[in-house]
Amino acid sequence: MSIGDSITLCALLMQAIFHITPKGEVPTVVLSTTCKFGIYLIHSTSAFSVWCWFFLSVLRYVAVFHPFKYRTIWRQPRNALKILAGAVSVFQIYTLAIVTYRDKEKMCGEYDVFHESAWKHIHLVDIFLFYAVPSLLRITLDFLVLIHCYSPFSMDGLDRVTVDRRYAISGPTTKRFSTPGETESLDNKAHVALAISITANTSSVKRVHYGNPKKKTAMVMRSILISVLNLFLNLPSHILRAWASYDERSLEHEFVQVLEPIAQMMYFSQFACNAFYLATSIYETSGSPRNTVISSSNRHVSRCISEEEA
């Protein structure tokens, strides 16, 4: 999300500079290419950011309803984001085909042939896939999380005990040349040592997420509120975009001309909203890295086996 928002802001700045810079004798091909590239980046990274919010809702849902699974997923979210980035990049290629530099208006726009044909419906498809669908999914998942956190039947204490027990997982089997009985005994000791080590290394993280139910609920509630605010800030610009796809002349009304700057201000405010969410709900609550826990656990197991052999 940070990378996507940064690219979007840079692309928007590039478009603003492009429109106020005198064109002079710059070839139309260069101007058209600049428009295509800038609009493509804005559409792609904006769509990517919206779906990133959905993935955050999925992680929030998994953390509340499946806490042990949440602590054991490492590469799945990263792989999902790679697939998402590829899918968004491929879909948004249509902007390269329909965007050009319009000499009459001295601005970036669409070819008349695309604007007057059925191709204009692709904007509605874009809004549906990259705003409406992820937004509805986010609302559904966050609603379930909210109901769970504020339900009087929520059993935080029992969940915490269950998670603590599940941290006592078995480690890999340690192989060495010895008798069957001795090997089984060392394996059991290695399993116990690894379980104790992982529990010790993650105790501080568990105290943050499970030791204080009120703090956990407040953190989830704050995340949901910021997510809803992000949806609200994006809504007016998407409504105006869908409206313009069907009746561009209606945007010339005085009321719409007053509403459009407000919608633009709200759209730009979402970047501050995203930054606030990342700073307060992601970066400051990051837990212990996986490699740190595993490497420390392995050292603990090796030390216990060495002492047993001695």
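**Figure 1. The disulfide between Cys35 and Cys108 is left-handed, because the torsion about its S-S bond is about -75°.** The model is predicted; local features need pLDDT of at least 70, side-chain atom pairs count only at pLDDT 80 or more, and totals for chains, interfaces and linings use all residues. Residues are numbered from 1 along each chain as its sequence is written, and side-chain values use heavy atoms, with hydrogens and water left out. Cys35 and Cys108 are joined S to S at 2.0 Å. The bond ties distant parts of the chain: Cys35 lies in helix 2 and Cys108 in strand 2 (residues 107-110), 73 residues apart. A search of the whole structure finds one disulfide (a pair of cysteine sulfur atoms within 2.5 Å). Helices (H or I, at least four residues) and strands (E, at least two) are DSSP runs, numbered from the N terminus.

**Figure 2. Cysteines differ in their exposure: Cys10 is exposed, whereas Cys273 is buried.** Buried means under 20% relative accessible area, exposed over 50%, and partly exposed in between (1.4 Å probe, protein chains only). Cys10 has a relative accessible area of 54%. Cys273 has 8% relative accessibility. Both disulfide partners, Cys35 and Cys108, are buried.

**Figure 3. Gln15 of helix 1 is buried, at 7% relative accessibility.** Gln15 touches Thr34, Cys35, Gly38, Ile39, Ile42 and Cys108, leaving out residues up to four places away in sequence. Contact means heavy atoms within 4.5 Å. Two of these partners, Cys35 and Cys108, form the disulfide.

**Figure 4. Leu12 sits in helix 1 (residues 2-20) and is in contact with Ile42.** Leu12 has a relative accessible area of 19%, so the residue counts as buried. Its C-alpha atom is separated from that of Ile42 by 7.0 Å, and the two residues are 30 apart along the chain. Neighbours within four places in sequence aside, Leu12 also contacts Tyr267, Phe268 and Phe271. Ile42 is also touched by Gln15.

**Figure 5. Helix 2 (residues 28-65) and helix 4 (residues 76-91) pack at an angle of about 150°, with their axes 10 Å apart.** Axes are lines fitted to C-alpha atoms, for helices over the stretch in contact, and angles run from 0 to 180 degrees between N-to-C directions. The two helices are therefore roughly antiparallel. Angles under 35 degrees count as roughly parallel, over 145 as roughly antiparallel, 65 to 115 as roughly perpendicular and the rest as oblique. The crossing of helix 2 and helix 4 is right-handed. Helix 2 contributes Tyr40, Ser44, Ala47, Phe48, Trp51, Cys52, Phe55 and Leu59 to the contact; helix 4 contributes Pro77, Ala80, Leu81, Leu84, Ala85, Val88 and Ser89. By class, this contact of helix 2 with helix 4 has 13 nonpolar, two polar and no charged residues. Ala, Val, Leu, Ile, Met, Phe, Trp, Tyr, Cys and Pro count as nonpolar, Asp, Glu, Lys and Arg as charged, and the others, Gly among them, as polar.

**Figure 6. The axes of helix 2 and helix 7 (residues 122-149) come within 9 Å and cross at roughly 20°.** Helix 2 and helix 7 are therefore roughly parallel. Their crossing is left-handed (the near helix is turned anticlockwise from the far one by less than a right angle; clockwise is right-handed). The contact of helix 2 with helix 7 has 19 nonpolar, three polar and four charged residues.
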